[in-house]
Amino acid sequence: MVRPLVCAAATLVLAWAVAVGPALVQEAAAALFAAHRGGALLWPENSLRAFRGALELGADYLEFDVHLSRDGEVIVIHDPTLDRTTTGTGPVRERSLAELRLLRLKDGTGAATSEPIPTLDDVVALAALGHRRMLLEIKVDERRRRYPGIEEKIVAVLDRHGMGAATVVMAFEAETWGRVRALRPDIAAGALYSPGTLRAMGSTASRELEAAHAAGVAVVGLRQDLVDAAIVAAARRAGITLGVWTVNEPGALRRFADLGVSIVITDRPDLAKALLKR
Ligand code: G3P
Ligand code: CA
């Protein structure tokens, strides 16, 4: 008597899957993960060691931040100043590449490591070698000014490595992602929003999602407290790839994956690998 019951149950499950359709079944399993600053809770943030570790863990994307040096090199570092994460002090934009190369990154405790500050070229070369994608975030300087010409320099590095198609170039500033769109419509542009930036704009996540879509943005990155089922559905309707940051708790990682968020951005790629990779 047990076997016919099992067969009936299996048939029902199959019928449900067929009725729901492959898209929904696939979406539920399709959350990709990005190693935020390479995996900032595991290694010195935005270090080559972090990016190598993230690649070894199978991160789908490397997420990192860029600024310009005094002599116009694109540098991978989160803050506009050197003090928190390196052995140096002062604004990144006041140092030449040669000066920055002499500095070392600090670890999470603030102790100096042997890790240098990477250039964009260093990180793109690693991602290309590992056949992985990138979420490249363009930052502003210590006075919140955009770096003139940074978009062109980034595109040149991506092209040199043949990595334009594997990269989302993101920013909080609409002028920056707008410039990426104007310069190279073939490269995916990403718009970032936090509760604070939305408040300053007097806007909402769903309104900005529509505006970003109309402006040709491919990816929208939202801080995790802005993400719920309604915004996931709105992104899907608009054909926008939705990323959520920065998700470091196991329960939250599972919840955002189950909600159907496309990219979960995390400082804990080890946890994401264990929880999201099926
Ligand atoms: O991916 C977006 C997220 O990285 C933005 O915040 O400050 O970590 O660069 P932040
Ligand atoms: Ca970032």
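**View 1. Strands S6 and S7 pair in the parallel sense over 4 bridges.** Two strands count as paired if DSSP finds at least two bridges between them. The pair belongs to a predicted model, in which local features need pLDDT of at least 70, side-chain atom pairs count only at pLDDT 80 or more, and totals for chains, interfaces and linings use all residues. Residues are numbered from 1 along each chain as its sequence is written, and chains are lettered from A and ligands numbered from 1 in the order in which they are written. Strand S7 covers residues 219-223, and Val 219 in S7 is the bridge partner of Gly 190. Helices (H or I, at least four residues) and strands (E, at least two) are DSSP runs, numbered from the N terminus.

**View 2. Strand S6, residues 188-193, is largely enclosed by the rest of the structure, because 6 of its 6 residues are buried.** A buried residue has 20 or more other C-beta atoms within 10 Å of its own, with C-beta atoms placed from the backbone. Ala 188, Gly 190 and Leu 192 point one way from S6, while Ala 189, Ala 191 and Tyr 193 point the other way. Strand S5 (residues 167-171) also pairs with S6 in the parallel sense, over 4 bridges. Val 169 is found opposite Ala 189 in S6. From S5 the chain crosses through helix H7 (residues 174-183) to S6, and this β-α-β crossover is right-handed; that is, with the strands pointing away from the viewer, the path from the first strand over the helix to the second runs clockwise.

**View 3. Gly 221 lies in strand S7.** Gly 221 is buried, with 25 other C-beta atoms within 10 Å. The C-alpha atoms of Gly 221 and Leu 192 are separated by 4.6 Å, although the two are 29 residues apart along the chain. Neighbours within four places in sequence aside, the contacts of Gly 221 are Met 170, Gly 190, Leu 192, Gly 243, Trp 245 and Ile 265. A contact requires the C-beta atoms of two residues, placed from the backbone, to lie within 7 Å.

**View 4. Ten residues' worth of surroundings are shown by name: His 36, Glu 63, Asp 65, His 78, Leu 135, Glu 137, Leu 192, Gly 221, Trp 245 and Ile 265 are around ligand 1.** Each has its C-beta atom, placed from the backbone, within 6 Å of the molecule. By class, the shell has 4 nonpolar, 3 polar and 3 charged residues. Nonpolar here covers Ala, Val, Leu, Ile, Met, Phe, Trp, Tyr, Cys and Pro, charged covers Asp, Glu, Lys and Arg, and the others, Gly among them, are polar. Strands S2 (61-68) and S4 (133-138) each supply at least two residues of this shell.

**View 5. Leu 48, Ala 50, Phe 51 and Ala 54 are buried in helix H3 (residues 48-57).** Down the axis of H3, the buried residues fall within an arc of 160 degrees, so they line one face of the helix. The arc is taken from the directions from the helix axis to the C-beta atoms. Among the elements covering these residues are strand S1 (32-36), S2, helix H5 (120-129) and helix H12 (269-276). Gly 58, just after H3, takes a positive phi of about 90 degrees.

**View 6. Thr 85 sits in the loop between strand S3 (74-76) and helix H4 (97-101).** Thr 85 is buried, with 23 other C-beta atoms within 10 Å. Outside its neighbours within four places in sequence, Thr 85 is in contact with Glu 45, Ile 77, His 78, Asp 79, Leu 105 and Lys 106.

Note on methods
Buried ≥ 20, exposed ≤ 12 C-beta atoms within 10 Å, placed from the backbone.
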